[in-house]
Amino acid sequence: MDQTRRVAVALGSNVGDRLAAIAFAAERLTPILSDLRVSDIVETEPEGEGFGTQPLFLNAVIVGRSDLGARALLDALRGIEADFGRERFYPGAPRTLDLDLVLVGDEIIEEPGLHVPHPRFRNRFFVLGPMAGIAADLRDPVTGLTVGELLRSLLRDEER
């Protein structure tokens with residue numbers, strides 16, 4: 001029986017060779033995720049607390065299939081970040097490479113250091129936009145909405 005499930009990972013970089021960072025992450029995720037699809041890359045303004053005036057981000061999303069558990073996936077993502085030279089000086093610090101585990105099948109996990117689905121992905125165009133381009137049918141297990149539906153809702157909210 002196939003134990004794999006669809007996994008979504010958000011990628012971002014706003015320091016150094018941002019395009020090389022995205023390419024590095026995609027290459028390193030290839031052995032971890034089968035049927036890997038990479039979204040278009042978008043350039044976005046930094047969002048959220050602690051970003052102040054920072055360089056623009058390049059963002060993308062990768063969707064694939066994996067039989068690894070969420071904690072093992074998160075550990076693999078942290079390893080890829082570290083291999084590319086990511087350092088965590090303070091929350092919201094500029095980053096050479098940022099990998100967020102967004103979805104792991106229909107799992108809902110709330111553990112120290114691990115929250116799946118990613119708690120803020122529903123409000124982030126830089127995640128939903130690219131993800132909708134490659135996996136609009138992925139379903140958020142918390143709301144029951146697809147990525148396409150979440151994106152339409154976010155865009156409607158921004159118009160108001």
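## Salt bridges, a covered strand and a buried asparagine

Glu111 is partly exposed, with a relative accessible area of 36% (buried means under 20% relative accessible area, exposed over 50%, and partly exposed in between, using a 1.4 Å probe and protein chains only). Its side chain meets that of Arg71 in a salt bridge, at 3.1 Å from N to O. Welcome to a predicted model, in which local features need pLDDT of at least 70, side-chain atom pairs count only at pLDDT 80 or more, and totals for chains, interfaces and linings use all residues. Residues are numbered from 1 along each chain as its sequence is written, and side-chain values use heavy atoms, with hydrogens and water left out.

**Salt bridges**

- Eight salt bridges turn up in a search of the whole structure; the term stands for a side-chain nitrogen of Lys or Arg within 4 Å of a carboxyl oxygen of Asp or Glu.
- As background, side chains of opposite charge can pair when their charged atoms come close.
- Let us return to the opening pair: the side chains of Glu111 and Arg71 meet at 3.1 Å, N to O. Glu111 lies in strand 6 (residues 109-111) and Arg71 in helix 2, so this salt bridge ties together parts that are 40 residues apart in sequence.
- Helices (H or I, at least four residues) and strands (E, at least two) are DSSP runs, numbered from the N terminus.
- Like its partner, Arg71 counts as partly exposed, and its relative accessible area is 33%.
- Another salt bridge joins Arg28 to Asp83, with the closest N and O atoms 2.6 Å apart. Arg28 belongs to helix 1 (residues 18-29) and Asp83 to helix 2 (residues 70-83), so the contact ties together parts 55 residues apart in sequence.
- Both ends of that pair are partly exposed: Arg28 has 30% relative accessibility, and Asp83 has 49%.
- Arg6 and Asp137 also form a salt bridge through their side chains, at 3.1 Å from N to O. The pair links distant parts of the chain, 131 residues apart: Arg6 sits in strand 1, while Asp137 sits in the loop between helix 3 (125-135) and helix 4 (147-159).
- Arg6 is partly exposed, at 25% relative accessible area.

**Strand 4 and its partners**

- Strand 4 (residues 57-66) is mostly covered, with nine of its 10 residues buried.
- Strand 1 (residues 5-13) pairs with strand 4 in the antiparallel sense over nine bridges, where pairing requires that DSSP finds at least two bridges between two strands. Ser13 has Leu58 as its bridge partner in strand 4.
- Strand 2 (residues 34-38) is also antiparallel to strand 4, and three bridges pair them. Here Ser34 is matched with Arg65 of strand 4.
- Strand 3 (residues 42-44) runs antiparallel to strand 4 too, joined to it by three bridges. Val42 has Asn59 as its bridge partner.

**Asn14**

- Asn14 is found in the loop between strand 1 and helix 1, and it is buried, with a relative accessible area of 2%.
- Its side chain reaches the backbone oxygen of Pro55 at 3.3 Å and the backbone nitrogen of Arg95 at 2.9 Å.
- Leaving aside residues up to four places away in sequence, Asn14 touches Gln54, Pro55, Leu56, Phe57, Pro94 and Arg95, where contact means heavy atoms within 4.5 Å.

Conventions. Polar contact = N/O pair within 3.5 Å; in protein donor to acceptor, adjacent residues only side chain to side chain.
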